[in-house]
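Biologist: I've got a new model open and a few things I'd like to pick apart. Mind walking me through it?

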Amino acid sequence: MVPKFKPSPLRIRSFCTKTVQQNPHHWPIKQITKTNFNESLSEIKNHISSSDFIAVSLQNTGSFSSPWHRVSTFDTPETAYLKAKFAAERFQILQFAICPFKLQASKVIAYPYNFHLFPRDELKMGMPSYSFTCQTSYLTAMAKEGFDFNTCIYDGISYLSEAQESTVKVRMGNPMAVDHATKSSSSPALSVADTVFIERVRSRVKHWKNACTDSDIKTEAALVTSLRKIVLGGEQFGSRPSMTIDVCSERQVQLVLKMLEDFSDVLVPLIIPAKGGGTQAVRAVLTSSDEDKDLLKRELQTFEFEQNKRVRGFREVIDLISASQKPLVAHNSLNDFTFIHSKFLAPLPPNMNEFICSLRLAFPQVIDVNYLLKDIGPVKKMTNISATIAYLKNRFFAPIEMEIPNQANENEGKIHGHNVVKICQLFGKLCSILKITPDAIESSDDFLASAINRYANIFYSLPGSSQEPTNEEIRGWTNDKRKVSCEDVVFLWGFRERISAGILKNMLQGSHEVFAEAFNVRMVDRSCAIVVFGKPGLSNTFKNVMNSKAVSGPLREMVSDGLKAAGYETYQRVCSSGLWESALADALDKTLASHNCLSEAAYETKQSEIYLSNELINLAEL
Amino acid sequence: MKKRWPITILYRAFSSSTTSTTASFPLKHVKKSNFDSALSSLRHHIQAADFVAIDLEMTGITSAPWRDSFEFDRFDVRYLKVKDSAEKFAVIQFGVSPFRWDPLKQSFITHPHNFFIFQRQELPLDGAAYEFLCQTTSMDFLAKYQFDFNACIHEGVSYLSREQEDKALKHVNSTYKDESLDSWHSLKEIRDTHLFNIPDILFAERMKDRLSEWLGGLLRNRDEGSEVQPSFNDSKQQFETIFFKMRPAISLNGFTSHQLRLIQLVVRKHFKDLAYLRVSGENSCSQNVIVYIESESVKKMLMKEVKDEQKIDAEMSIKASIGFRHVIDLLSSEKKLIVGHNCFLDIAHIYSKFFGPLPLTAEEFISSVNKYFPHIIDTKILLNSNSILQQRMKKSSTSLSKAFSVLCPQIALGSKSTHLSLQPSVKVEVEVDDIRSSNWNSGVKHEAGYDAFMTGCVFAQACSHLGIDFKQQSSSENLAHNEKLREHVNLLYLSWTNGEIINLSTGNRTSESLASNKRKNHYPKILFECIVIVWGFPSHLKAWDIRECISKVYGPTSVISVYHVDETAVFVQFSRAEMVSKFLDLKESLDRNNDPISVLHPLAKLLEGGNTCAASYETYKEICSSTVSKVLFADQAKAVGIKWKTKLVESSDKTKEHESLRKVKAVNSDPSCGERTKNKNFDDVSNDSSYSQLSSDEIIDSFYTREAKQI
């Protein structure tokens, strides 16, 4: 036996550093860890069901590893989704703040909770995640804000996604009660082997049952009892005697179950699933009476319930939110909900539409405050919530009173999870400015529904535009209101590094006649730039020129130095094939190379792509 | 974190109960705040040391389950797996424990240091953000041992690898090249012209007036020989007259960056004898000044001076971010004997974190490691390969904590227990700061500093059992050259799982002979050209089903074993190499034809679903070399970009020839190890022959027991 030891000598290590709080706010936010999770659940459930909205905010271990991995204005919703997907699959959520809130006149009544999460592999099955990536700069920034990594890793709540839970159920090998669906009604035709098998098992079961029910046993000594157990192959299931019958096939399972029906007055059959699916054995449990039988069935149910609860962990909260069907409010919804989908629902689907459909099943309404913000005027996309609140404060008179009736727990003063309250505040302000007034909300639910619906489920929108973007249009510049068709965009790379957009534009200006018309250059990262042509059709001319022998003059010089160009479809292919190299130039090169190898494979040949493969053949000839 | 799972909690509980007899002061923890002082004292300790024991704690070991170490790892694949691990995971704790023999006290003196390290992005380097992977089980394991993550992330010592330092210095050099500052100006000018509008023009005019006013006053005063008038300083203190490099100058405060750009433009356009400079002032914030200059040549001189200063500053900040690498540089330059426990992965981590990117092949890696660290000893090999030590270890496991408690009971359990001190024991005295103790024991296992200390103690005791008398060992002599140790130096386990050992000084690989009888699962030499990797098959198929399926086609003795890489992939080991190409050919033709014959073919069960892929061992290596790590092997193959279903072997003869050549080479060329090698080769041969005698069923059975454990 392992002697219990006092934790005190070990604890020393955890006490040697205490996080210093630098910026004490006064919003009491309930901090939830493994230790107080279960006791808080019912309270959270009440707050969720009585709320109008639920704000969510995440603290992740990273977002984008290279400048071009960041969702930018030149992304279509599809590429933006693929970028967000890539991040959500690699990084981890360390804190999940939720805040059910009510809007009443100019008052927000909020119940903020901040959950500390850590993906602990409690079942030793590589779940919820085998590993995750951390970005140093993120961790350093979190450290500066006083984040307590020890609390997070020691006491973080684990979880499993819905998809993982269902695979786990099979693999855990918990005995399952036999429901009638598993019993096949048609009695199978018996072969000789089957009959022999059944009779052998039947006699074993009979012996065992008789031995168990025999009252004489009670007088036997302990040694004899245990010997008897070994001989008869009996074992205990909880407090009841049971017997395991090994089976080799599903057919034998059926045979055994059928045979056990003869003993159904006292025996309850259970199926022990094998690790990789299928059945490993059938276990017969002996009960003393009908009441005892019911009791056993109930026990099995509660056992399963408790175990599922333990396995689900934090997902219990996600399930509560999902079940409430309340509208969710987020600040950077594409980012947050790709994370939520991949960690708590299922692996992310390959494209944006499927993602939205799948997400809508769990959360019917998701509202992005950034999107509401667009309705009040041409505001640049603000990444910082505090800055946005300050901006609104300067321009509009919409005082919002925050009321947080939470009882402050001992973690009070920790600054974690404040963003979620700020989101509530911002949302309150925006609703008041946009006249989705709290009165209206109280008076008619239908009005609320329609007012909010206008803003719901838009995960990616172009700044300054209140229309939902299509996959053909992007916006080249943040402060530029013009829409740009993907057709007019060309990616350029292969120039010397650390060049500025200005110099590159100067260089291009004199190089070819297509650049006589208005065009714009923007750097994507150090290695790659995009050129946006003002006049339709010029991009094609340029791409043609780049790959023909006729290329001459300064442009020829640049091409000889390694300059390369590709259309937007190549960029889309980079994102969809997952070639997330750290420099976009490398990713584009690789995509072109692999596309060259199997140009007719996998991709449906669109006009632009046929055109592209022609280009590459030309390139090879040069 | 380390792969030393056997944990004896019991031992710790016991030792904590006997702490009354042992001194318990904490290990020396080194963080950002005390790094400089610790480094200077450590420098002396390392210089005086006879050997230095090290240990590392990492954020994980394998980035995907199929990257774990298997019996089926050829040495090059094994290296690729180690390389992947070292590249992806971070080192968060580094234990250094220099051991010095003190002839007066007749004991070793050691100074265990426990460094918390965490690489921050302190320099504006190009490209990707610093990232590292965490394996959740490893983090949980560290948490179980109360690892202080806050100390690591909040206060860990940062570092730069040699390669990163070179890159940063090159970047500085190119930035401060003679012309570059000017070209930077002209570059800005292009942008500035776009910024003009009416408010900008008015502002520029105002600035022009004020500057000419200042300049006029300055020139007047100079002619009159009086001091620079202080009255110029305006109420808002935006213009402040100062002296910059002994020249009158204006320091600009409180302007926006746009305004500063306009001022810069005005200066360049209208004032020949003024120069606009941006210099980094004290407390590292940049300062904008306009300096009065007499002539163009003076301007050039001034510019150069400023530029040189900035360059020096930039270089200084690079030097300052070297951080923990100073310790590694010290270990390397002192050429001390480095002692680790099962430390191949540790060495790979040290290489990738502090020197540069890991080479593509094991051979290159080994030769460069040997250059940086000429003497390395692995205590795990030492304990397993020497019969005296094996006897001492009483055949117990060679995990670090076990070895420590068996070999150094007087330290592990406190010195009171007299019956244990019958065997000659080496005394080790621990010194932390100025506190000393000869029976110190207050470290926490799996804390790098304490693990390094244990490793050093095990090594010291092992040396004494080998007959090395420290009393007669002169301090000038390098312990690594001691003839009793010589045969153990620079041997590392390439893989503990299959006992393959690599010699860092020669690059030769041998498999373990002495300890082989101790291993539970010792397998005959694996012929890699007989192996096919199959993945993407229906998930309900298990190793047994696959074996049965293939045996139906090629006969019951054709398949030696089927081994699960993970739930989506298996290795199929055939009895003869030519069956590999036969199998791949057959699979390819079955995939191609969809006629009833192929549907009824015994292999069809394996190909069900149409996603089953197969290829030779070389493809497995290729997939291992990818930087991507998907959890499931089948997903990984897809991510690597494999779109075919079967990769046929071009000419199996060629690869076979190559393989046998390699084997001959490994057998013949090992002159340095003399007698021992001969024994080894003999063992190899006997293994080979025993392999042919073993019935295939036995082998399969042993594989199955192994497999059951794997799942």
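Modeller: Sure, and keep in mind that this is a predicted model. Let's start with B:Lys335, which is partly exposed, with a relative accessible area of 44%.

Biologist: Where in chain B is B:Lys335 found?

Modeller: B:Lys335 has a positive phi of about 50°, and it isn't a glycine. Helix H11 (325-334) is on one side and strand S11 (337-340) on the other, so to speak: the residue is in the loop between helix H11 and strand S11 of chain B.

Biologist: And B:Gln146, is that one buried or exposed?

Modeller: B:Gln146 also isn't a glycine, yet its phi is positive, about 55°. You'll find it in the loop between helix H4 (136-144) and helix H5 (149-155) of chain B. Its relative accessible area is 12%, and the cut-off for buried is under 20%. So B:Gln146 counts as buried.

Biologist: Zooming out, what share of the residues of chain B count as buried?

Modeller: Chain B comes to 28 helices and 21 strands. Take its contacts between residues at least 6 apart in sequence: 75% of them join residues at least 24 apart. As for burial, chain B has 711 residues, and the buried share is 55%.

Biologist: Over to chain A. How many residues of domain 3 are in contact with domain 1?

Modeller: The domain assignment gives chain A a domain 1 made of 9-160 + 314-455, a domain 2 at 176-295 and a domain 3 at 473-615. On the domain 1 side of chain A, 14 residues take part in contacts with domain 3. On the domain 3 side, the number is 26.

Biologist: Which residues of domain 1 lose the most area to domain 3 there?

Modeller: Between them, domain 1 and domain 3 of chain A bury about 1,600 Å², with 71% of that on carbon and sulfur atoms. Three residues together account for 48% of what the domain 1 side buries. They are A:Trp68, A:Thr73 and A:Phe74.

Biologist: What about polar links: how many residue pairs are in polar contact between domain 1 and domain 3 of chain A?

Modeller: By class, the side of domain 1 that touches domain 3 has six nonpolar, six polar and two charged residues. The rule finds zero salt bridges across this interface of chain A. For polar contacts, taking pairs with both residues at pLDDT 80 or more, the count is six.

Definitions and conventions:
Residues numbered from 1 in each chain as written. Chains lettered and ligands numbered in written order. Predicted model: local features only at pLDDT ≥ 70, side-chain atom pairs only at ≥ 80, totals over all residues. Heavy atoms only, no water. Domains from an automatic or database assignment. Contact = heavy atoms within 4.5 Å. Buried area = accessible area lost by both parts, 1.4 Å probe. Salt bridge = Lys/Arg side-chain N within 4 Å of Asp/Glu carboxyl O. Polar contact = N/O pair within 3.5 Å; in protein donor to acceptor, adjacent residues only side chain to side chain. Nonpolar A, V, L, I, M, F, W, Y, C, P; charged D, E, K, R; others polar. Helix = DSSP H or I, 4+ residues; strand = E, 2+ residues; numbered from the N terminus. Buried < 20%, exposed > 50% of the residue type's maximum accessible area, 1.4 Å probe, protein only.
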